[in-house]
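Here is a casual walk through a protein–DNA model, ring pairs to begin with and the two DNA strands after that. Have the structure open while you read.

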There are 2 protein chains.
Amino acid sequence: MNANRPSSNRPVYLKLRDQIAAAIIDGVYPEGAMLPSVRALAAEQGANPLTVAKAYQQFQNDGLVEVQRGVGMYVVRGAAERLRSAEREAFLREEWPEIRSRMTRLGLDPANLAVIS
Amino acid sequence: MNANRPSSNRPVYLKLRDQIAAAIIDGVYPEGAMLPSVRALAAEQGANPLTVAKAYQQFQNDGLVEVQRGVGMYVVRGAAERLRSAEREAFLREEWPEIRSRMTRLGLDPANLAVIS
DNA sequence: ATGGCTGTATTATGGCACTGATGCACCTCG
DNA sequence: CGAGGTGCATCAGTGCCATAATACAGCCAT
């Protein structure tokens, strides 16, 4: 009945980007470690190498990973914390207001739902 | 730095749909009232009449509005409540889990933020 | 009845995002 | 030097979205 913002119809490269960002924040890819190669991650995720590269692109633009041509991409020192605070700030500024007002309209209270799931 | 789910890059017909749904729930378009004509809303929103029609389409598919050819589209009785509960259920099932886990990862607590904004 | 308002169907077109296949430039290691 | 691993650029294909120009079908007040 609704087709709002299901992660299903999101572009693959954005889903990958989120997934990688989460992995960096959670320390799955520790600082200084090498990220999976575009081909490796593409094979693992059943995606196209180019799509993975596009997901990686944003991280190097933001200086969160360092590229060594012919070698691989490495997580920069302090990337996890920088990424977390940047995402937190963006979330609060761009997403939370809409989410909050929508929940209010639907008769939901964030404080209560926090406990449930 | 982030390009997550800003309502900005959403298709126009979906943004209109959300906006109309909110208006119905909030009683801006009370039950039994006539919705703005496709041409009127299109002019007001600077959109194409066909795009507005596409937004309206979903509501008649769901039986929330009644079409009187040559007259207009009217909000069905009980539409507001049906719409709210349907959206609430969809939100809790499809969106909230992701939002909740993401907030946790970012070190945010819904219960605290609920008070702020 | 007629003009003016409704929603709707048709067809065409331009733009843009996403995905994909291929090939090249670069580095490391044996 | 050469094989195999990197990332990356280029080109092409596909599909959705939005717009546009008409035209049609129905209702209603004047």
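How many aromatic pairs does a search of the whole structure find over all chains? The search turns up two. For the ground rules, this is a predicted model, where local features need pLDDT of at least 70 and side-chain atom pairs count only at pLDDT 80 or more, while totals for chains, interfaces and linings use all residues. Residues are numbered from 1 along each chain as its sequence is written, chains are lettered from A and ligands numbered from 1 in the order in which they are written, and side-chain values use heavy atoms, with hydrogens and water left out.

**Rings**

Rings of Phe, Tyr and Trp (its six-membered ring) pair if their centres lie within 6.5 Å; planes under 30 degrees apart are called stacked, over 60 edge-to-face, and the rest tilted. In chain A, the ring centres of F91(A) and W96(A) are 6.2 Å apart and the planes meet at 35 degrees, so this pair is tilted. F91(A) has a relative accessible area of 1% and is buried, and W96(A), at 3%, is buried too. (Buried is under 20% relative accessible area, exposed over 50% and partly exposed in between, with a 1.4 Å probe and protein chains only.) Over in chain B, F91(B) and W96(B) make a tilted pair, with 6.2 Å between centres and 35 degrees between planes. Both F91(B) and W96(B) are buried.

There are charges over rings as well, meaning NZ of Lys or CZ of Arg within 6 Å of the ring centre and within 35 degrees of the ring normal. The charged end of K54(A) sits over the ring of Y13(A), 4.4 Å from the centre. In chain B, K54(B) lies over the face of Y13(B), 4.3 Å from the ring centre.

**DNA strand C**

Near a strand means having a heavy atom within 4 Å of it. By that rule 22 residues surround DNA strand C, and the closest are P11(A), V12(A), Y13(A), N48(A) and L50(A). Of the strand C atoms within 4 Å of the protein, 64% belong to sugar or phosphate and the rest to bases. The surface divides into 11 nonpolar, seven polar and four charged residues. Here Ala, Val, Leu, Ile, Met, Phe, Trp, Tyr, Cys and Pro are nonpolar, Asp, Glu, Lys and Arg charged, and the others, Gly among them, polar. α3(A) gives the most to this surface, with three residues.

**DNA strand D**

Strand D has 22 residues around it, the closest being S37(A), P11(B), V12(B), Y13(B) and T51(B). Sugar or phosphate accounts for 61% of the strand D atoms within 4 Å of the protein, and bases for the rest. This surface has 10 nonpolar, seven polar and five charged residues. Its largest share, three residues, comes from α3(B).

**Polar contacts with the DNA**

The table lists some pairs of N or O atoms within 3.5 Å.

| Protein atom | DNA atom | Distance |
|---|---|---|
| V12(A), polar backbone atom | strand C, phosphate oxygen | 2.8 Å |
| V38(B), polar backbone atom | strand C, phosphate oxygen | 3.2 Å |
| Q60(B), polar side-chain atom | strand C, phosphate oxygen | 3.2 Å |
| Q60(A), side-chain N or O atom | strand D, phosphate oxygen | 3.0 Å |
| N48(B), polar backbone atom | strand D, phosphate oxygen | 3.4 Å |
| G70(B), backbone N or O atom | strand D, base nitrogen | 3.0 Å |

Methods: Polar contact = N/O pair within 3.5 Å; in protein donor to acceptor, adjacent residues only side chain to side chain. Helix = DSSP H or I, 4+ residues; strand = E, 2+ residues; numbered from the N terminus.
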